[in-house]
Each structure stands twice: as C-alpha cells, then as structure tokens.
Amino acid sequence: MLKYSTLILSLLFSSTLATEKPEIQQKEVDLSAFQNQEVLKHAQAELSKGLPKKIDPYTTLISVTTKNFTLIYTYEINTGSKSDEAVQKEDHARMKNAITQGTCRTSTRFLESGISLSYLYNSEKSKVKLFQFDISKKDCPNL
C-alpha cells in the first residue's frame with residue numbers, strides 16, 4: 001500500500017511540474033521578446049546617428065528601422081549608367097551571397113537571439129527597389 005501511495009504522489013508531483021513547465025517557458029519567451037525589442041530599439045537609435053552615411057562610392061545607408069523582430073537597413077545605390085533591370089539581373093546573386101556571408105559572420109548575436117536582418121537596396125536615381133535580402137539564423141549554417 002505504501003508503494004502505491006508513493007507512486008500516486010510521484011505521479012501527482014510530476015504532473016504538477018509538467019503543467020508548470022509551459023508557463024515557465026512562456027515567461028522565458030516573453031522576457032526574451034521584451035529583451036529583443038529593447039535591443040532593436042537601441043540598435044536602431046545608434047545605427048541611425050549620422051544618416052545618411054556614404055558606405056562606398058556607390059552605396060549610401062539611408063535609414064535603419066525595425067519591424068517585429070527585424071532590423072531593416074535601407075540603402076541607395078548609384079548604379080551609374082546601368083539600368084535598374086540590368087543591376088537586378090547581373091548583381092542579385094553576387095550581392096545576396098556577399099550580404100548573407102557578411103551578416104552570418106558579423107551579426108551572430110542578433111541572429112542567435114532571434115533577431116533577423118533585412119537589407120533593402122533602392123536605386124538612387126529612380127528610387128526603385130533593386131534588391132531585398134532577409135537574413136535569419138536559418139540562413140547561417142554555422143550558427
């Protein structure tokens with residue numbers, strides 16, 4: 001009889017723990033979400049100082065914004081004499097590869113905490129969207 005009582009108490013105790021666990025996990029998720037929002041707010045404020053900012057002879061960082069858990073960098077590209085269509089066709093794969101590799105290498109803390117990064121490139125002349133690269137942890141195999 002004592003064995004059965006102990007077994008029943010054990011089952012009751014473990015079922016209580018099992019029901020509390022999702023609540024604890026939810027609190028951790030809520031705290032993490034709050035922390036990520038704070039990180040994004042501060043990152044946006046710091047990165048936005050001194051904008052617009054010339055990155056190289058062709059690229060200018062225009063703005064840094066956030067949406068949900070994504071930090072969005074908006075650039076303008078001086079495409080010179082190339083048409084928007086030519087830039088989109090000829091440079092998309094090279095740019096995507098370079099941006100993804102660079103982000104995976106330099107933004108690991110953002111990515112590991114569930115913050116994504118988005119890079120939006122517009123034509124300086126026409127203001128047409130040339131590229132948009134959305135990078136999250138899943139795009140970085142070494143994380």
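## Strand 4 and N122

N122 is found in strand 4. This is a predicted model. N122 has a relative accessibility of 15%. Buried means under 20%, so N122 counts as buried.

What does N122 touch, leaving out residues up to four places away in sequence? Its contacts include T74, Y75, E76 and I77. The others are K127, V128, K129 and L130. Strand 3 spans 70–77 and strand 5 spans 129–135.

## The chain as a whole

The chain has 143 residues. Three helices and five strands make up its elements. In what order do the elements run from the N terminus? The order is α-β-β-β-α-α-β-β.

Buried residues account for 30% of the chain. The accessible surface comes to about 10,000 Å². Carbon and sulfur atoms hold 58% of that surface. Contacts also reach along the sequence. Among those between residues at least 6 apart, 53% join residues at least 24 apart.

## The largest nonpolar core

The largest nonpolar core has 23 residues. Which of them touch the most other members? They are L71, Y73, L117, Y119, Y121, F131 and F133. Several elements give two or more residues to this core. The helices among them are helix 1 (2–48), helix 2 (84–106) and helix 3 (108–112). The strands are strand 2 (59–67), strand 3 (70–77), strand 4 (116–123) and strand 5 (129–135).

Take L71 as one example from the core. Residues up to four places away in sequence are again left out. L71 touches L40, A43, Q44 and L47. L71 also touches V64, T65 and T66. F110, S116, L117 and S118 complete its contacts.

## The loop between strands 4 and 5

V128 lies in the loop between strand 4 and strand 5. K127 lies in that loop too. How exposed is V128? Its relative accessibility is 36%, so V128 counts as partly exposed. K127 is also partly exposed, with a relative accessible area of 49%. Phi of K127 is near 70 degrees. That is a positive value in a residue other than glycine.

V128 and D84 are 44 residues apart along the chain. Their C-alpha atoms are separated by 7.6 Å. V128 touches D84 and Q88. Y121, N122 and S123 are its other contacts, not counting residues up to four places away in sequence. D84 and Q88 fall within the range of helix 2 (84–106).

## The loop between helix 1 and strand 1

Where is P52? Its place is in the loop between helix 1 and strand 1 (53–54). L51 sits in this loop as well. The peptide bond from L51 to P52 is cis. Its omega is near 0 degrees.

L51 has a relative accessibility of 21%, so L51 counts as partly exposed. The limit for buried is under 20%. L51 and S63 are twelve residues apart in sequence. From C-alpha to C-alpha, they are 6.6 Å apart in space. L51 touches L61, I62, S63 and V64, not counting residues up to four places away in sequence.

## The loop between strands 2 and 3

N68 is found in the loop between strand 2 and strand 3. Is N68 buried or exposed? N68 is exposed, with a relative accessible area of 59%. Exposed means over 50%. Phi of N68 is near 55 degrees, a positive value in a residue other than glycine.

## The largest pocket

Rolling a probe the size of a water molecule over the atoms shows where empty space is left. The largest pocket holds about 310 Å³ of space. Strand 3 and helix 2 are the elements that give two or more residues to its lining. Helix 2 gives six residues, the largest share.

How many residues line the largest pocket? There are 18. Y58, T59, I77, R94 and M95 lie nearest its centre. By class, ten lining residues are nonpolar. Four are polar and four are charged. I77, named here in the lining, is also a contact of N122.

Note on methods
Residues are numbered from 1 along each chain as its sequence is written. This is a predicted model: local features need pLDDT of at least 70, side-chain atom pairs count only at pLDDT 80 or more; totals for chains, interfaces and linings use all residues. Side-chain values use heavy atoms; hydrogens and water are left out. A nonpolar core is a set of buried Ala, Val, Leu, Ile, Met, Phe, Trp, Tyr and Cys residues joined through side-chain atoms within 4.5 Å. Buried means under 20% relative accessible area, exposed over 50%, partly exposed in between (1.4 Å probe, protein chains only). Helices (H or I, at least four residues) and strands (E, at least two) are DSSP runs, numbered from the N terminus. Contact means heavy atoms within 4.5 Å. Accessible areas come from the Shrake-Rupley method with a 1.4 Å probe; for residues, only the protein chains shown count as cover. On a 1 Å grid over the protein atoms alone, a cavity is a set of points where a 1.4 Å probe fits but cannot get out, and a pocket is an open set with protein on both sides within 12 Å along at least five of seven lines; lining residues have an atom within 4 Å of a point. Grid points are joined across faces, edges and corners, and a volume is the space filled by probe spheres set on the points. Ala, Val, Leu, Ile, Met, Phe, Trp, Tyr, Cys and Pro count as nonpolar, Asp, Glu, Lys and Arg as charged, and the others, Gly among them, as polar.
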